[in-house]
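Below are some notes for a colleague who is opening this entry without prior acquaintance. Please read them with the sequence and the model side by side.

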Amino acid sequence: QTKTWLRVKCGWRDSVPMERYKLQGSAAVATGLAITIATSPATNARTFIMAHPPGQYGHVGKALIAIVQQRGFLGLFRGFGAQWARFGPYAL
(Lines give C-alpha, C1' and ligand atoms only; values in the text may rest on other atoms or scores of the structure.)
Protein backbone atom coordinates (compact mmCIF):
# COMPACT_ATOMS: atom_id res chain seq x y z
CA GLN A 1 0.00 0.00 0.00
CA THR A 2 2.95 2.31 0.55
CA LYS A 3 3.93 1.94 -3.09
CA THR A 4 0.38 2.75 -4.24
CA TRP A 5 0.26 5.81 -2.00
CA LEU A 6 3.58 7.05 -3.43
CA ARG A 7 2.32 6.50 -6.99
CA VAL A 8 -0.69 8.71 -6.31
CA LYS A 9 1.06 11.42 -4.27
CA CYS A 10 4.30 11.68 -6.27
CA GLY A 11 3.06 10.61 -9.69
CA TRP A 12 5.89 8.08 -10.05
CA ARG A 13 5.32 5.23 -12.53
CA ASP A 14 6.72 1.71 -12.70
CA SER A 15 7.05 2.01 -16.48
CA VAL A 16 9.78 4.70 -16.24
CA PRO A 17 13.03 3.11 -14.96
CA MET A 18 14.30 6.05 -12.87
CA GLU A 19 10.86 6.62 -11.34
CA ARG A 20 10.58 2.90 -10.58
CA TYR A 21 13.84 2.98 -8.59
CA LYS A 22 12.69 6.05 -6.64
CA LEU A 23 9.33 4.42 -6.04
CA GLN A 24 10.76 1.13 -4.80
CA GLY A 25 13.46 2.78 -2.70
CA SER A 26 11.07 5.23 -1.06
CA ALA A 27 8.51 2.49 -0.39
CA ALA A 28 11.21 0.30 1.17
CA VAL A 29 12.42 3.10 3.45
CA ALA A 30 8.87 3.95 4.56
CA THR A 31 7.94 0.29 5.11
CA GLY A 32 11.14 -0.38 7.07
CA LEU A 33 10.40 2.67 9.23
CA ALA A 34 6.85 1.47 9.95
CA ILE A 35 8.04 -2.05 10.82
CA THR A 36 10.73 -0.69 13.14
CA ILE A 37 8.33 1.65 14.94
CA ALA A 38 5.88 -1.22 15.45
CA THR A 39 8.38 -3.85 16.63
CA SER A 40 11.05 -1.85 18.47
CA PRO A 41 9.38 -1.95 21.92
CA ALA A 42 8.91 -5.73 21.73
CA THR A 43 12.47 -6.26 20.50
CA ASN A 44 13.87 -4.13 23.32
CA ALA A 45 11.70 -5.93 25.89
CA ARG A 46 12.97 -9.30 24.64
CA THR A 47 16.59 -8.12 24.88
CA PHE A 48 15.92 -6.66 28.34
CA ILE A 49 14.47 -9.98 29.56
CA MET A 50 17.43 -11.96 28.17
CA ALA A 51 19.93 -9.59 29.80
CA HIS A 52 18.56 -10.22 33.31
CA PRO A 53 18.46 -13.33 35.50
CA PRO A 54 15.75 -15.88 34.60
CA GLY A 55 12.40 -15.14 36.22
CA GLN A 56 13.14 -11.52 37.10
CA TYR A 57 10.65 -10.32 34.48
CA GLY A 58 7.85 -12.85 34.14
CA HIS A 59 6.40 -11.46 30.94
CA VAL A 60 6.90 -8.79 28.30
CA GLY A 61 4.56 -6.34 30.03
CA LYS A 62 6.74 -6.23 33.14
CA ALA A 63 9.83 -5.72 31.00
CA LEU A 64 8.18 -2.85 29.10
CA ILE A 65 7.20 -1.15 32.37
CA ALA A 66 10.73 -1.58 33.73
CA ILE A 67 12.25 -0.10 30.56
CA VAL A 68 10.00 2.97 30.77
CA GLN A 69 10.75 3.41 34.49
CA GLN A 70 14.51 3.06 34.06
CA ARG A 71 15.11 4.71 30.69
CA GLY A 72 11.97 6.72 29.95
CA PHE A 73 9.56 6.30 27.05
CA LEU A 74 12.31 6.69 24.45
CA GLY A 75 14.06 3.70 26.01
CA LEU A 76 11.53 1.56 24.15
CA PHE A 77 13.16 2.75 20.92
CA ARG A 78 16.78 2.32 21.97
CA GLY A 79 18.88 1.06 19.05
CA PHE A 80 16.31 2.31 16.57
CA GLY A 81 18.83 3.00 13.80
CA ALA A 82 20.32 -0.48 13.97
CA GLN A 83 16.88 -2.06 13.93
CA TRP A 84 15.83 0.06 10.96
CA ALA A 85 19.01 -0.92 9.11
CA ARG A 86 18.17 -4.57 9.79
CA PHE A 87 14.64 -4.30 8.35
CA GLY A 88 15.57 -2.15 5.36
CA PRO A 89 16.84 -4.97 3.12
CA TYR A 90 13.72 -7.04 3.76
CA ALA A 91 11.52 -4.25 2.43
CA LEU A 92 13.41 -4.03 -0.89
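1. Leaving aside residues up to four places away in sequence, Ala63 touches Ala45, Phe48, Ile49 and Tyr57, where a contact means heavy atoms within 4.5 Å. The model is a predicted one, in which local features need pLDDT of at least 70 and side-chain atom pairs count only at pLDDT 80 or more, whereas totals for chains, interfaces and linings use all residues. Residues are numbered from 1 along each chain as its sequence is written, and side-chain values use heavy atoms, with hydrogens and water left out.

2. Ala63 also belongs to the largest nonpolar core, whose seven residues further include Ala45, Phe48, Tyr57, Ala66, Ile67 and Leu76. Such a core is a set of buried Ala, Val, Leu, Ile, Met, Phe, Trp, Tyr and Cys residues joined through side-chain atoms within 4.5 Å, and buried means under 20% relative accessible area with a 1.4 Å probe, protein chains only. Two or more residues of this core come from each of α2 (17-50) and α3 (60-71), with α3 giving the largest share, three residues.

3. The chain has four helices and zero strands, counted as DSSP runs (H or I, at least four residues, for helices; E, at least two, for strands) and numbered from the N terminus.

4. The radius of gyration of the chain, taken over C-alpha atoms, is 18 Å, against near 12 Å for a compact globule of 92 residues, by the rule of 2.2 Å times the number of residues to the power 0.38. The C-alpha trace spans about 55 × 20 × 15 Å along its principal axes, and 24% of the 92 residues count as buried.

Conventions: Buried means under 20% relative accessible area, exposed over 50%, partly exposed in between (1.4 Å probe, protein chains only).
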